[in-house]
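Please open the model in the viewer and set side chains to be shown as sticks. The tour below proceeds selection by selection, beginning with charged pairs and ending at a pocket.

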Amino acid sequence: MFDVLIPLRSKSKGLKNKNILPFIKKVNLTNFTINKLKHINKINKIYVLTDSERYKKKITYHPKVDKDYVRKKKFSNSNSKINDLIQDFLNNYYKNKKNQNFLILQVTSP
């Protein structure tokens, strides 16, 4: 079984709000990715790691999807390292400490 981590940062420098812009058939990049993942039996939980309440409202509801983690500002800058974000998530939010199987997916690479 795997848990999936999807880091989303709301302050894109290039294309603003690219993670929630319509992509295919008016489905945004984030939901496009989640819709593919939620049907995979080996995926236990999908964690969306974002700093934006607006993004959370645009993300589809599904029992596998957890949007409760609040990405801290210091991990939401353009020069922030994803390793620091993941470490913070694992140390301060993630409850299944026995699981060692993760997938980290960027929605900008569907």
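How many salt bridges does the count come to? In this predicted model, the count comes to two salt bridges.

**First selection: glutamate 53 and lysine 56.** The side chains of these two residues form a salt bridge, with an N to O distance of 3.6 Å. Both glutamate 53 and lysine 56 belong to helix H2, which covers residues 53–58. The two positions are three residues apart, about one turn of the helix. Lysine 56 has a relative accessible area of 9% and is therefore buried, since buried means under 20%.

**Second selection: lysine 72 and aspartate 88.** Here the closest N and O atoms of the salt bridge are 2.7 Å apart. Lysine 72 is found in the loop between strand E5 (65–66) and helix H3 (82–92), whereas aspartate 88 is in helix H3, so the pair ties together parts that are 16 residues apart in sequence. Is each partner buried or exposed? Lysine 72 counts as partly exposed, at 35% relative accessibility, while aspartate 88 is buried, its relative accessible area being 8%.

**Third selection: the largest pocket.** Select Pro7, Leu8, Arg9, Ser12, Lys18, Asn19, Arg71, Ile82, Gln106, Val107 and Thr108 to display the lining of the largest pocket. The volume of this pocket is about 170 Å³. Colouring the lining by residue class will show four nonpolar, four polar and three charged residues.

Note on methods: Residues numbered from 1 in each chain as written. Predicted model: local features only at pLDDT ≥ 70, side-chain atom pairs only at ≥ 80, totals over all residues. Heavy atoms only, no water. Salt bridge = Lys/Arg side-chain N within 4 Å of Asp/Glu carboxyl O. Helix = DSSP H or I, 4+ residues; strand = E, 2+ residues; numbered from the N terminus. Buried < 20%, exposed > 50% of the residue type's maximum accessible area, 1.4 Å probe, protein only. 1 Å grid on protein atoms, 1.4 Å probe; cavity = no way out; pocket = protein on both sides within 12 Å on 5 of 7 lines; lining within 4 Å. Points joined across faces, edges and corners; volume = space filled by probe spheres on them. Nonpolar A, V, L, I, M, F, W, Y, C, P; charged D, E, K, R; others polar.
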